[in-house]
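Trainee: Could you walk me through this structure before I go back to the bench? I would like to start with the overall layout and then pick at some details.

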Amino acid sequence: MTDTLADRRRLLIATSAVGAAATAGVAVPLVASLTPSERARAAGAPVEVDIGKLAPGDMMTVEWRGKPVWILHRTDTMLASLEGNEADLVDPASAHPMQPAYAQNRHRSINPRYLVAVGICTHLGCSPSEKFGTGAASGLGAEWPGGFLCPCHGSTFDLAGRVYLHKPAPDNLEVPPHKYLSDTRLIIGADDDAA
């Protein structure tokens, strides 16, 4: 009878070992499938941008979280156009939560020279186009100071991404979290206020 108990004990130990190995063999791929892929991590990761070669008056577009983010290097004339049109804007003081606290100002940016904004209209998610030309030549009227036009439904935004009154878009363009690493390096998707 002792041989039978010893045999049962060996069988129990062997069966337990095989069961544990099988459980580990199933658990490892299961846990690995629950972690985000490299592509998914990259889609939400901060994006570092070199703005050193962006000339005044030029704009570049980078992708962050699958969205186009515009970086506009504003000229003195572009900055001056942001003054005096507050009465024509939905949210001139940037009080609505479409930007971090450090962008709640007339130019909606950390550095007045650079606008950093998500290039998606707040109406239905279309992508506005740049209309930096001013006056009648822009096709938007003699008083047009330059900015952005959403061609889908006609929403217009100034050069700080603030939406004009009586347009379909309810809010200004979103300003993503960002910070400057240097005068020529910008990181989008991270800032000093982020937890």
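Mentor: Gladly, and please keep in mind that this is a predicted model. The protein has 3 helices and 9 strands, and from the N terminus on these elements follow the order α-α-β-β-β-α-β-β-β-β-β-β.

Trainee: What share of the residues counts as buried, and what supplies the exposed surface?

Mentor: Of the 195 residues, 34% count as buried. The protein exposes about 10900 Å², of which carbon and sulfur atoms supply 59%. As for contacts with a separation of 6 or more, 54% of them are between residues 24 or more positions apart.

Trainee: Which strands form the open sheet, and how do they pair?

Mentor: The open sheet is made of 3 strands in the order β2-β3-β4, with antiparallel pairing. β2 and β4 stand at the edges with a single partner strand each, so one side of each has no neighbour in the sheet. On average, neighbouring strands of this sheet are turned by 20° against each other, direction ignored.

Trainee: How many bridges join β3 to β4?

Mentor: There are 5 bridges between these two antiparallel strands. Among the bridge partners, H73 is matched with Y114 of β4, and W70 is matched with A117 of β4.

Trainee: And is β4 itself enclosed or left open, given that it stands at an edge?

Mentor: β4 is largely enclosed by the rest of the structure, because 5 of its 5 residues are buried. Both of its faces are covered, with Y114, V116 and V118 buried on one side and L115 and A117 buried on the other.

Trainee: Changing topic, how many aromatic pairs does the structure hold?

Mentor: It holds 4 aromatic pairs. One of them joins Y114 and Y180 in a tilted arrangement, with 6.4 Å centre to centre and 50° between the planes. Y114 lies in strand β4 and Y180 in strand β8, so this pair ties together parts that are 66 residues apart in sequence.

Trainee: Which of those two tyrosines is buried and which is partly exposed?

Mentor: Y114 is buried, with a relative accessible area of 9%, whereas Y180 is partly exposed, with a relative accessible area of 21%. Another of the pairs is F132 with F148, which is edge-to-face, at 5.5 Å centre to centre and 80° between the planes. That pair links distant parts of the chain, since F132 is in the loop between β5 and β6 while F148 is in strand β6, 16 residues apart.

Trainee: Are F132 and F148 buried or exposed, and which residue joins them in a cluster?

Mentor: Both F132 and F148 are buried, and ring pairs link them with W70 into a cluster. That is the W70 whose bridge partner in β4 is A117.

Trainee: Which residues other than glycine have a positive phi?

Mentor: R65 is one of them, with a phi of about 55°, and H166 is another, with a phi near 60°. R65 sits in the loop between β2 and β3 and is partly exposed, at 48% relative accessible area. H166 is in the loop between β7 and β8 and is exposed, at 79% relative accessible area.

Trainee: Last one, what about disulfides, and are C126 and C152 buried or partly exposed?

Mentor: The count comes to 0 disulfides, taking sulfur atoms within 2.5 Å as the criterion. C126 is buried, with a relative accessible area of 16%, and C152 counts as partly exposed, at 44% relative accessibility.

Conventions: Residues are numbered from 1 along each chain as its sequence is written. This is a predicted model: local features need pLDDT of at least 70, side-chain atom pairs count only at pLDDT 80 or more; totals for chains, interfaces and linings use all residues. Side-chain values use heavy atoms; hydrogens and water are left out. Buried means under 20% relative accessible area, exposed over 50%, partly exposed in between (1.4 Å probe, protein chains only). Helices (H or I, at least four residues) and strands (E, at least two) are DSSP runs, numbered from the N terminus. Contact means heavy atoms within 4.5 Å. Accessible areas come from the Shrake-Rupley method with a 1.4 Å probe; for residues, only the protein chains shown count as cover. Two strands pair if DSSP finds at least two bridges between them. Axes are lines fitted to C-alpha atoms, for helices over the stretch in contact, and angles run from 0 to 180 degrees between N-to-C directions. Rings of Phe, Tyr and Trp (its six-membered ring) pair if their centres lie within 6.5 Å; planes under 30 degrees apart count as stacked, over 60 as edge-to-face and the rest as tilted.
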